[in-house]
Amino acid sequence: MRILRKKTLKVKLKTDNPIPIQTRLKELIGDWLFISGYLIALFLLAMGFYNLVLGNIPAFTEAQSQLLAFSNSVLPLTIIFAWLDYRKGSFGKHWAGLQLVYKHKSLSYSLLRSAIKFFPWQLGHMGAIRSAYQADALSIFLSTSAGILFLTFLLMGLLRKDKRHPADLLAGTQVQLKYQKQL
């Protein structure tokens, strides 16, 4: 009896990864549009619930606002992008003709990558929410840190020869052109 083995494509991470900046920006815009659509739908659902069910928008404490922002935007989008990238790639990657390759493909590495990738966004939320309640050194630090991390991720993903940012480095992943021959 012959045992059938699943044929796996051996993918290598490249030291020189020639993705044009325009292609990478197209991916980022596509993912931004996806995220924006999610957030608009979330806003409309929340406003409908607050106005139709509760009669108005409730007052939230800073801690409640932080929890709402994390649990309704950052956490779900981190999970959605981890799943999409693990399966076949995000909307932006499809649109731009890119794929995410793994040194060791697993959902846990995809989740690690997404969590690190969305960390600057979480810091930005924390800083913005904190400053709405009390503008202080912590809110400035959180917002500034978010901006610095965002720029670091963006510039590394665009300018490094291998096009990897900190999330890729820690998760053992790399964004590559989809239709390029693998060596």
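**Group meeting: a walk through the model**

Let's start with one residue. Phe118 has a relative accessibility of 7%, so Phe118 counts as buried. The cut-off for buried is under 20%. Keep Phe118 in mind; we will come back to this ring. One caution before going on: this is a predicted model.

Now the overall picture. What does the secondary structure come to? The protein chain has six helices and two strands. Along the sequence, the pattern reads α-α-α-β-α-α-α-β. Taken along the principal axes, the C-alpha atoms fill a box of roughly 65 × 45 × 30 Å.

How much of the chain is buried? There are 183 residues in the protein chain, and buried residues make up 37% of them. Next, contacts. Take those between residues at least 6 apart in sequence: 75% of them join residues at least 24 apart.

On to the surface. The protein chain exposes about 11,700 Å². Carbon and sulfur atoms supply 69% of that area. And the charges? The chain carries 23 positive and 8 negative charges. The mean positions of the two sets lie 15 Å apart.

Back to the rings. How many aromatic pairs does the structure hold? Seven. Here is one of them: Phe81 with Phe118. Their ring centres are 5.4 Å apart and their planes stand at 65 degrees, so this pair is edge-to-face. The cut-off for edge-to-face is over 60 degrees. Where do the two residues sit? Phe81 is in helix α2, residues 62-87, and Phe118 is in helix α4, residues 107-133, so the pair ties together parts 37 residues apart in sequence. Both Phe81 and Phe118 are buried.

Phe118 has another partner, Trp121. These ring centres are 5.5 Å apart with planes at 45 degrees, so this pair is tilted. Here both residues belong to helix α4. They are three residues apart, which is about one turn of the helix. Is Trp121 buried or partly exposed? Its relative accessibility is 23%, so Trp121 counts as partly exposed. Put the rings together and add Phe34: Phe34, Phe81, Phe118 and Trp121 form one aromatic cluster.

Some rings have a charge over them. Take Lys26: its charged end sits over the ring of Trp95, 5.1 Å from the ring centre. Then Lys105: its charged end sits over the ring of Tyr86, 5.2 Å from the centre of that ring.

A third lysine deserves a stop. Which backbone angle stands out at Lys163? Its phi is positive, about 60 degrees, although Lys163 is not a glycine. Look for Lys163 in the loop between α5 (137-159) and α6 (166-171). Is Lys163 buried or exposed? Buried: its relative accessible area is 11%, and the cut-off is under 20%.

Last stop, a strand. Val101 is found in strand β1, residues 98-102. Val101 is buried too, with a relative accessible area of 5%. Now pair Val101 with Ala167. In sequence, they are 66 residues apart. In space, C-alpha to C-alpha, the distance is 13 Å.

To recap, in the order you might click through the model. Begin with the buried ring of Phe118. Follow its cluster to Phe34, Phe81 and Trp121. Then visit Lys26 over Trp95 and Lys105 over Tyr86. Finish with Lys163 in its loop and Val101 in strand β1.

How values were computed: Residues are numbered from 1 along each chain as its sequence is written. This is a predicted model: local features need pLDDT of at least 70, side-chain atom pairs count only at pLDDT 80 or more; totals for chains, interfaces and linings use all residues. Side-chain values use heavy atoms; hydrogens and water are left out. Helices (H or I, at least four residues) and strands (E, at least two) are DSSP runs, numbered from the N terminus. Buried means under 20% relative accessible area, exposed over 50%, partly exposed in between (1.4 Å probe, protein chains only). Contact means heavy atoms within 4.5 Å. Accessible areas come from the Shrake-Rupley method with a 1.4 Å probe; for residues, only the protein chains shown count as cover. Lys and Arg count as positive and Asp and Glu as negative; His and the chain ends are not counted. The place of a charge is taken as NZ of Lys, CZ of Arg, CG of Asp or CD of Glu. Rings of Phe, Tyr and Trp (its six-membered ring) pair if their centres lie within 6.5 Å; planes under 30 degrees apart count as stacked, over 60 as edge-to-face and the rest as tilted. A charge sits over a ring if NZ of Lys or CZ of Arg is within 6 Å of the ring centre and within 35 degrees of the ring normal.
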